[in-house]
Every structure is written in structure tokens, then in C-alpha cells.
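Student: I am new to this structure and would like a careful, close look at a single part of it, followed by an account of the parts around it. Could you take me through that slowly, explaining each term as it comes up?

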Amino acid sequence: MHSALSTALLGLSALAAARPSNDNYNQGSSAASTTQYGWMSSKTTTSAPSGNTVFSFPLANGFPASLKADALQQIKSLAHGVPGNGAAPTGISADSATNFKFIAFNELTEVAFFSELINNITYNVPGYDQVPNREAVLAALTAVLAQEELHAIGAENALKANNIAPIAGCKYDFPVSSFDEAITTASLFTDVVLGTLPDVQKVFSKDGVIGGIQLVGSVIGQEGEQNGYYRTLENKIPSALPFLTAGKREFAFSALVQNFVVRGSCDADEKSVGFKVFARLNTVNLPSPLKPINTTLSFEADNDNIWNGPLDQLNLVYINQQTLPIIVPLKNAKQGQKSFTFDADFPGDFPFFMNGLTIAVVVQNAALINGTIDKVPAQTLFGPALIEIN
Ligand SMILES: *[C@@H]1O[C@H](CO)[C@@H](O)[C@H](O)[C@H]1NC(C)=O
Ligand SMILES: *[C@@H]1O[C@H](CO)[C@@H](O)[C@H](O)[C@H]1NC(C)=O
């Protein structure tokens, strides 16, 4: 499984195998595209494969913007439950509004992903035609899709209650072409989101949106159940870590946009959601299998006028579990045309024991981070690179 993950993380040419276009989706629509942004490094963008499917909303039921009559009822049936019936919080702060925007953006991406995945399995797309326990998998994913739709609708309704424009869907190009890759990717982004929802809770807590804390807590558990299932499908133990890796909204947003969104297909930026998209950072030639041991990793960053100063003023920050940010220097840093490469020690062994998800970002002014993850985004220039062990 690890090899599929590192492939996904690195955007290697294995993903470039020709993929059939699939124009007859009953949920969402897709079209052949020769332009792939995000996941593939900028170097490979120009030679991106043709025939990738690009997903666009709406779904057949009108989701997200214009649900058809009875669609909501049907979504609830498929989701095996209903959204809460309490009133949405009103008069919320800008930061709490950003919470709902971020959640809506993320949930729309998840809806796009799972609806494309269900479609691939349903239509026996090559790579998706030998799924073990196919019916049980489809039943589970169908519930997940409807549950994510309700998460998205809930966040959009909270925005509406505060007279804030809804978050529109984007076009998406997912860097996967087999069931195994799709599940590994689902597990990875679920891990990122799971770790980020406590950051959302911190904002609600600071701003006194107490009902939001409870609601988001119910979603954290829900996404944890999902990830246990994806991990089981990958033959991993269901619960990865005693304390999951913490995230920040900024990093999750950049990861979604960099890896899944067709750039320019929507307002995925500071104006719409509230966060800028950081420059890309990729791991290069990850050891396989990756283990929680002390080792050295190689990275590559897209540097199109992001940083012009000396590279030795930059540092790499690792975020893993609930450990305080781990800051290491860049080694062998070299400038390229529009990129730079470097190595960095990965202190995977005890005392950190860096299993599970690690978020890596390149920062300036590391001294200002001061032992708190909350101060990392303001110093971040490049990232996040996502590293998953076991
Ligand atoms: C669905 O299959 C197409 C064709 O292989 C592929 O391009 C796309 O990434 C797949 N999507 C998911 C979510 O598996
Ligand atoms: C691994 O690195 C950590 C942090 O630098 C250090 O404390 C530990 O002693 C190292 N372990 C081994 C086995 O070298």
C-alpha cells in the first residue's frame, strides 16, 4: 500500500497511464482533459496525460446549488440519518465564517471524489473492475457520499444564515486511476481533514460559537469511522495513532487545491475561502517502505518568486501527532530555475516516533513559531508535503 501512497504523493508518471474518459456519469459530469494542475509537479504538467477525467458539479440530483424536489429526502435516506434541526448560529465572526467556508470547500471536494469513485466502481472502469466485496464497498461509499453531501449542505446553510455567499464547487482532477489508489488517497485526505477539524473547533471556541464545537465534534468522529474503514481496506489496523496528527485550516486548504482542484475553475483563494494557496512542496524518492526511523528525506519546492533570500534562512517544520512543531534545517539546498531542492533530517525514531500522518512545510522566521502549531501558517512559504507511515 505504501507504494501507491508515495506514488500519489509524488505525482509520478505511474499516474500518467492513459485513463478512459467517462462522459456518461450519472452523478456529476466529466470530460477529457489534457491539462492537469496541482498534484503533478509543474515540470510534468506540460506532458500531462490526455484522457484524465475532470469532475464538474452539479450531481444528477442538482447538488450543490439547485437540489431537485425530493433530493434532500433521498440524500437523508442514503445517509442513514438527518442533519440536526437546531438553528444555525448567526452573527458569527469573520473567522468563524471562514470555518464554514473551509468546511463547505472541503466537503464539496469530498463529494466530488466519492461520487467519481462510486461511478468508477459502478461502471467497472479499468482499475475499478476487480473490487473485493464490491457490493459492501458500494454500500459503504454510497452512505459516505450522502453523508458528505449533508455535511456540505449544513456548512452552506450556516453561511446562508449569516448572509454569506455560498462556496461554489470547482472542477476536480483526482490523481488516481485504481481502486487501491483511490482508497489510499481517501484515507490520506480524511486524515488531513480529521486533524484540521480540531483547529476549526479552536476558532469556534475562541469566538464563542459553542454549538459549532459540538457539531464539528460529531463530524470528527464520523470521519474517523470512515478512515478506520479505508485503513481496513488497505489491510492496516483501523486506528492509526493514540492521538491523531494536528492540522491547520491553511494547510488542509492548500493540500486540497494543490492536489485536486483544476486551477482557475473556481475562486479557490483568499477572497472566497480566506486562505492563500502556498507554493507546492513535494517529497522526492521517499524510501519505501517508509518507517518511523531517523532518516534523511529529499524535497523539491516550486519557487516562482516566492523566496529570493538565502536558502539557509529557511527551515522545515514537521507536524506529527500532538507533538510540538519539529523544526529542522534544510541541508544541501540548491536553487533551480523556478524551484529549489533540499534534504532534511526526519527524526522518525523515539522520542517522536513519527507514525501516521506528518505534515511538512518550509517556513521563514522559524524562531517566531515558538512551539505552537498555530504560529506555523503565518511563517509558511511552501507546503504542505504529506507523509504517511503505517
Ligand atoms: C475514476 O476513473 C478515472 C479513469 O481512470 C480516473 O481518471 C479518476 O481519477 C477516477 N476517480 C476516482 C475518484 O477514483
Ligand atoms: C533520533 O533522533 C532523535 C531526535 O534528533 C534523537 O533524540 C534520537 O536519539 C535519535 N535516535 C536514534 C536511534 O538515533
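**A close look at N162**

Tutor: If its neighbours within four places in sequence are left aside, N162 is in contact with P89, T90, G91 and I92, where contact means heavy atoms within 4.5 Å. This is a predicted model, in which local features need pLDDT of at least 70 and side-chain atom pairs count only at pLDDT 80 or more, while totals for chains, interfaces and linings use all residues. Residues are numbered from 1 along each chain as its sequence is written, chains are lettered from A and ligands numbered from 1 in the order in which they are written, and side-chain values use heavy atoms, with hydrogens and water left out.

N162 is placed in the loop between helix 5 (134-161) and strand 3 (171-172); helices (H or I, at least four residues) and strands (E, at least two) are DSSP runs, numbered from the N terminus. With a relative accessible area of 15%, N162 is buried, a word that here stands for under 20% relative accessible area, with exposed for over 50% and partly exposed for what lies in between (1.4 Å probe, protein chains only). The side chain of N162 has two backbone atoms to consider: it reaches the backbone oxygen of A158 at 2.9 Å, and one of its polar atoms lies 3.3 Å from the backbone nitrogen of I92. Such a polar contact is a pair of N or O atoms within 3.5 Å; within protein, one must be able to donate a hydrogen and the other to accept it, and residues adjacent in sequence count only if both atoms are side-chain atoms. I92 therefore appears twice in this picture, as a residue in contact with N162 and as the owner of that backbone nitrogen.

From this loop we can step out to the whole chain, whose secondary structure comes to 9 helices and 11 strands. Of its 390 residues, 56% are buried, and among contacts with a separation of 6 or more, 74% link residues that are 24 or more positions apart.

A second buried residue is T196, which lies in helix 6 (residues 179-206) and counts as buried because its relative accessibility is 0%. Beyond its neighbours within four places in sequence, T196 is in contact with F102, G247, K248, R249 and A252.

Next come the sheets. In one of them, an open sheet, 4 strands follow the order 7-6-10-11 with antiparallel pairing, and two strands pair if DSSP finds at least two bridges between them. Strand 7 (326-329) and strand 11 (380-389) are the edge strands, each pairing on one side only. Within this sheet, strand 6 (residues 315-320) and strand 7 run antiparallel and are joined by 4 bridges, with V317 standing opposite I327 of strand 7. Helix 6, the helix that holds T196, packs on the sheet and touches strand 10 (356-363) and strand 11, its direction making about 125° with that of strand 11. Helix 8 (residues 249-260) packs there too, touching strand 6, strand 10 and strand 11, at about 80° to the direction of strand 11. For these angles, axes are lines fitted to C-alpha atoms, for helices over the stretch in contact, and angles run from 0 to 180 degrees between N-to-C directions.

Another open sheet has 4 strands in the order 4-5-9-8, again with antiparallel pairing. Strand 4 (281-284) and strand 8 (331-335) stand at its edges with a single partner strand each, so one side of each is left without a neighbour in the sheet. Strand 5 (residues 294-302) and strand 9 (residues 339-347) pair over 9 bridges, and A301 has F340 as its bridge partner in strand 9.

Finally, there are the ligands. The 12 residues around ligand 1 include T53, E116, N120, Y128 and V176, which come nearest; a residue is near a molecule or strand if one of its heavy atoms lies within 4 Å of it. Oxygen atoms of ligand 1 lie 2.3 Å from an N or O atom in the side chain of N120 and 3.0 Å from a polar side-chain atom of T53. The protein covers 99% of the 360 Å² of accessible area that ligand 1 has on its own, areas that come from the Shrake-Rupley method with a 1.4 Å probe, where for residues only the protein chains shown count as cover. Around ligand 2 are N294, D349, F350 and P351, and the protein buries 38% of the 360 Å² that ligand 2 exposes when taken alone.
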